[in-house]
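Dear colleague,

I am passing on the structure we spoke about, with the sequence alongside. Please look through it first, and then read my notes underneath.

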Amino acid sequence: MTAITVLRAGPLTTIQDWPGRIGYWKVGVPPSGPMDDLSFRLANAAVGNPDDAAGLEATLMGPALRFDAPVTVAVTGAPATVTVSGKPMPQWVPLHLSAGDTLDIGAVGAYGMRVYIAVAGGLDAEDYLGSRSTFTMGRFGGHDGRKLADGDQLPLADSDTRTARRILGDEQPAMTNAWQLGVTVGPHGAPEFFTEDDIADVFATDYEVHFNSDRTGIRLIGPQPRWARSDGGEAGLHPSNIHDNAYSVGALDFTGDTPILLGPDGPSLGGFVCPVTVVAAERWKLGQLKPGDTVRFVAVRSEHTASTAEIGAARRASFAHVLSAGGDTDNGILGSTTTADGTTAVTYRRSGDDNILVEYGDMRLDLALRARVHALAERIDAERPAGLVDLTPGIRSLQVKADPDVWSQQRMLQWLTECESQLPAADDLVVPSRTVHLPLSWDDPATREAIERYMLGVRGDAPWCPWNIEFIRRMNGLDSVDDVHRIVFDASYLVLGLGDVYLGAPVAVPLDPRHRLVTTKYNPARTWTPENAVGIGGAYLCIYGMEGPGGYQFVGRTTQVWNHRHPLPAPGFDPEHPWLLRFFDQIRWYPVSADELLDMRADVAAGRGDSVRITDGTFSLAEHQRFLDSEADDIAVTRSAMEIARAEERERWSQQGEFAVTAIPSEAEIEIEQGKVA
């Protein structure tokens, strides 16, 4: 088989394919794929490959590759020096190499960030969940789930090819240092979350790209929002906090006061507001933003955007400026209605030109709202209309993703409104609900290390430092940290969402409101969190599915919730897929020491052990409501005391100027390849 030898890998070269890993957003698996899909697909077109052939993405500097047989290759993306066995060669054209030739791609120049290499026939790579794209943070796809290294051998696939061709000038995407990004307004606009002046700032500011950016997200430097709310209520003390909902790739996510453009390796679910979203045809630009570049957002209407099916002149990528007659004036709200029984408001929010975020009720934690979300998801999934791509539930919302070329937002809105009128009453909900017993190492040394790193490299004066558990105690008016321990181990946590921080990570809430410890999230977010750390943010508990960024307040660490051995078995995991938990599972903790946990984690990684204990059952919303009614008085007393404590904490924050903090992590402490989103 024809192979490629990697003589020099470059700083970050990975195998990707387009459109990436689709259909797993609801369990926290990002699409990955090329960050600049347009340059990648044009490279494939240049060598005659189909769009979905696997190729290489190189960041900042390209690789040096030796071929052991004659091949045709093409190099696209950011301008860079290209040589074949020492002879300079152009980009954007097919290059015919002889056996033994070396393709060498140097550093990118003044414009752009990523270079793409296609080989006729494509690369042969690991297919994981339907894609060969590399997701390095998840350690899967591509070449052993990692970036390339010197000495790697890359086999070639044998895909059918068409005639190779030159990429014309009006097809090539324009590179610049002063970018314009076409965005739609929403899902979270003014005056609900931001002030009108905040939204004006979004469109009037030349944001600067921060060095601390990567495939998970592009961190921007710009003005601090004034905010329309004083806090996020049960979702957290900061006004950027909301009950967790699904994100769109390309959303401008305010993690606290820091704006981040979410990339193709970003999180699927989270609890921060997003005022605008880059439209699908413009998202290629995220892959070429480099530190120091400026970004200006330009409002466009979703019905006027180019089609992502286009890779030629119709994509309008050869223009540096976004052509727009103006954006929507609806503040991101496409429409509204009420449930069939007239009791609950339903809001349809725009999230780019390819998503609608369906949101139920008021901004509060109410399991009846999650029941409505479940009923709608079941109704849509039963019919699966043409163009549907993904359904991702949040706490009180459902994101419906579609191919706008097949199913336009207006048609989708009409159909969703019709579906709503057909749904049953929420209190009829009875669903399978397993009880999953997991070990918890309380105040685990790994979480302590993460706090220390945060204090040294990000922010040492945060109210939650140096000990998150003490902060949780103070936020909830408890007498001692022992009370925090008791409540966490007494609680039964109902899983409402998966993928909150990647790879099947649950967002779960205690069934008994007296167990709902409420905290705020780190601002700014941590840049490192140990795999399977357990934390609380807002009223929610999360198990981190993998090592990466984070913002929840730590209470400890547990065993794996993602089977990295898949398709090989692991105890407690369904053999059909790699995630452990399901929607509406109930998590119960049992205590173990830090050393015991390390042994258990080693057992799970080896496919043995019995640390996960699962019993089947059901969850009935009506039965749960009867429990709440019977305990209503004591619940009200407990919750009132907790709310008073949070009000006192918020007043302390206000007096200390906490709401004005806009710290950005220091360069010395953050590696560029780490994730950036809480």
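What follows goes from the whole chain to a pair of helices and then to a single residue.

Please keep in mind that this is a predicted model. The chain contains ten helices and 37 strands, and its C-alpha trace spans about 80 × 55 × 50 Å along the principal axes. For 678 residues a compact globule would have a radius of gyration near 26 Å, and the 25 Å of the chain agrees with that. Buried residues account for 62% of the chain, while, of the contacts with a separation of 6 or more, 74% link residues 24 or more positions apart. The exposed area comes to about 23,600 Å², of which carbon and sulfur atoms supply 50%.

Turning to the helices, the axes of α6 (residues 468-475) and α10 (residues 632-656) come within 7 Å and cross at roughly 115 degrees, which means that α6 is roughly perpendicular to α10. On the α6 side the contact is made by Phe 471, Arg 474 and Met 475, and on the α10 side by Met 642, Ala 645, Arg 646, Glu 649, Arg 652 and Trp 653. Sorted by class, this contact has five nonpolar and four charged residues, with no polar ones.

The single residue is Ile 356, which lies in strand β23 (residues 355-360) and is buried, with a relative accessible area of 0%. Beyond its neighbours within four places in sequence, Ile 356 is in contact with several residues, including Leu 334, Tyr 348, Val 400, Met 412 and Leu 413. Of these, Leu 413 is 57 residues from Ile 356 in sequence, yet their C-alpha atoms are 7.8 Å apart.

Best regards

How values were computed:
Residues numbered from 1 in each chain as written. Predicted model: local features only at pLDDT ≥ 70, side-chain atom pairs only at ≥ 80, totals over all residues. Heavy atoms only, no water. Axes fitted to C-alpha atoms, helices over the stretch in contact; angles between N-to-C directions. Helix = DSSP H or I, 4+ residues; strand = E, 2+ residues; numbered from the N terminus. Parallel < 35°, antiparallel > 145°, perpendicular 65-115°, else oblique. Contact = heavy atoms within 4.5 Å. Nonpolar A, V, L, I, M, F, W, Y, C, P; charged D, E, K, R; others polar. Buried < 20%, exposed > 50% of the residue type's maximum accessible area, 1.4 Å probe, protein only. Rg over C-alpha atoms; globule rule 2.2 N^0.38 Å. Areas by Shrake-Rupley, 256 points an atom, 1.4 Å probe, with all protein chains shown as cover.
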